[in-house]
Amino acid sequence: MTRYAHSDPSNPTDTSSWEPLLSDAGHLERVASLCSKFCGKAFGQSSEYEGIWGNLGRLAGYWHDLGKFSDDFQDYLKRSAAAGEDAHTSEIQRRVDHTSAGAQHAMTSLPPPLGALLAYPIAGHHAGLLDGLASGACLKSRLQKTVPVWENNAPEELLKPPSLAMPAICGATYSEKAFNLGFATRMLFSCLVDADFLATESFMNPAQAAERPDTLVDFNHLNQHLSDYISSRFANHAGPVAEARANVLDACLRSSEGVPGLYSLTVPTGGGKTLSSLAFALRHAARNDLERVIYAIPFTSIIEQTAQTFREVFEGCDVAVDELILEHHSNFDPDKETVRSRLASENWDAPLIVTTNVQLFESLFANRTSR
């Protein structure tokens with residue numbers, strides 16, 4: 001019996017057009033492939049490290065919807081389609097629990113802490129990351145929950161845990177290691193949520209999926225464009241301020257040759273921080289094969305000014321400015337929003353993002369699946 005991940009919203013009563021749960025082009029395969037790719041990019045400090053996290057991401061993708069193998073879920077999917085209901089919305093609203101099964105399987109099949117590392121994202125890929133222990137909803141209660149029988153309908157090769165290495169978690173103290181392990185779990189959660197959302201959208205709403213930006217840029221080219229802009233704009237500037245700005249820019253360019261890490265820049269007002277820091281970021285991204293620059297600023301008034309400066313810099317570049325720069329903050333003029341920018345703001349899928357510190361920390365530490 002074929003098991004399905006989603007009914008076809010354009011043809012809800014004909015199962016031949018529904019999305020298979022497990023096949024070469026099925027939902028689990030799509031999510032596993034995307035999640036592996038995203039994890040490899042997010043954690044790829046080395047080819048070995050990229051491979052370890054890529055394998056974890058792939059397994060999270062394969063196991064995230066194990067509960068959908070149950071007869072109960074398949075019957076629900078068919079009843080919802082026959083009644084004209086949106087079963088996927090019901091999943092998100094947790095009227096159907098298909099996430100606990102995968103979390104339970106991860107905890108019982110993998111050694112600690114690998115089991116929990118996968119169980120947290122799998123259990124929360126619709127409702128959000130749970131507390132480990134709490135008086136109400138928590139991971140412990142989900143792991144102890146009785147779920148519909150699903151194991152008999154899933155192929156054994158899917159359930160058999162592969163040989164996985166635990167990624168090295170850095171930290172000089174227990175607290176640092178605990179924080180870093182928790183942060184790694186959030187990153188894996190983000191990769192899984194994004195993969196599941198995009199894979200589901202590609203089937204449920206292919207027209208919207210086609211609107212998503214697919215902008216790949218050459219940061220070396222952008223860096224050269226910025227260099228030409230700076231040379232042209234400040235060609236006739238002379239004096240101690242111009243010399244100081246040139247020294248700041250030179251320091252940023254020299255530092256950009258280093259390995260990824262934390263760098264600080266302390267410069268007074270008027271010292272050219274905006275363009276110099278952008279020069280650092282573009283060159284650093286090019287040198288280290290990074291894919292995006294996130295420019296976080298405390299105040300929305302400065303964000304608007306900075307984003308406008310960036311637009312002026314890249315005007316005439318071979319990449320359209322609106323595809324290159326994503327401005328994401330509460331004061332953004334809705335009249336300037338496009339379908340592409342709205343979709344890109346969901347997962348910051350743009351080469352250069354200008355946002356607030358609050359939004360950045362919300363994205364890193366909030367437990368919800370939203371932006």
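**Salt bridges, burial and contacts in a predicted model**

Tutor: Asp97, Arg142 and Lys145 are linked in a network of salt bridges. The model is a predicted one, in which local features need pLDDT of at least 70 and side-chain atom pairs count only at pLDDT 80 or more, while totals for chains, interfaces and linings use all residues. Residues are numbered from 1 along each chain as its sequence is written, and side-chain values use heavy atoms, with hydrogens and water left out.

Student: What makes the pair of lysine 145 and aspartate 97 a salt bridge?

Tutor: The term requires a side-chain nitrogen of Lys or Arg within 4 Å of a carboxyl oxygen of Asp or Glu. The closest N and O atoms of lysine 145 and aspartate 97 are 2.7 Å apart, so the pair meets the definition. The two residues come from distant parts of the chain, 48 residues apart: lysine 145 is in the loop between H7 and H8, and aspartate 97 is in the loop between helix H4 (87-92) and H5.

Student: Why is lysine 145 called partly exposed?

Tutor: Buried means under 20% relative accessible area and exposed means over 50%, with partly exposed in between (1.4 Å probe, protein chains only). Lysine 145 has 37% relative accessibility, so it counts as partly exposed. Aspartate 97, at 23%, also falls between the two cut-offs and is therefore partly exposed.

Student: How many salt bridges does the structure hold?

Tutor: The structure holds 12. One of them joins lysine 41 and glutamate 291, with an N to O distance of 3.3 Å. This pair links parts of the chain 250 residues apart, with lysine 41 in helix H1 (residues 27-43) and glutamate 291 in the loop between helix H13 (273-287) and strand E3 (293-297). Lysine 41 is partly exposed at 47%, and glutamate 291 is partly exposed at 43%.

Student: How do you know that glutamate 257 and arginine 287 form a salt bridge?

Tutor: Their closest N and O atoms are 3.0 Å apart, so they satisfy the distance criterion. Glutamate 257 lies in the loop between helix H12 (240-255) and H13, and arginine 287 in helix H13, so the pair ties together parts 30 residues apart in sequence. Glutamate 257, at 40%, and arginine 287, at 41%, are each partly exposed.

Student: What makes H5 a helix, and why is it described as mostly covered?

Tutor: Helices are DSSP runs of H or I with at least four residues, strands are runs of E with at least two, and both are numbered from the N terminus. H5 covers residues 100-109, so its 10 residues satisfy the length requirement. It is mostly covered, with 7 of the 10 buried. The buried residues are Ser100, Ala101, Gly102, Ala103, Gln104, His105 and Ala106. They pack against helices H2 (47-63), H6 (114-124), H7 (139-143) and H8 (156-159).

Student: Is glycine 51 in helix H2 buried or partly exposed?

Tutor: Glycine 51 is partly exposed, because its relative accessible area is 31%.

Student: Why is threonine 306 called buried, and which residues does it contact?

Tutor: Threonine 306 has a relative accessible area of 5%, so it falls under the cut-off and is buried. It is found in helix H14 (residues 300-314). Contact means heavy atoms within 4.5 Å; leaving aside neighbours within four places in sequence, threonine 306 contacts Thr274, Tyr295 and Ile297. Threonine 274 is 32 residues away in sequence, yet the C-alpha atoms are 7.3 Å apart.

Student: What makes Phe179 eligible for a nonpolar patch?

Tutor: Patch residues have over 30% relative accessible area and no salt bridge; like charges are joined within 9 Å, and nonpolar side chains (Val, Leu, Ile, Met, Phe, Trp, Tyr) within 5 Å. Phenylalanine 179 has 46%, so it passes the area cut-off. It sits in helix H9 (residues 174-204). Phe179, Phe361 and Phe365 form the patch, with about 310 Å² of accessible area together, computed by the Shrake-Rupley method with a 1.4 Å probe, where for residues only the protein chains shown count as cover.

Student: What can be said of the chain overall?

Tutor: The protein chain has 17 helices and 5 strands. Of its 371 residues, 43% count as buried. Among contacts between residues at least 6 apart in sequence, 72% join residues at least 24 apart.
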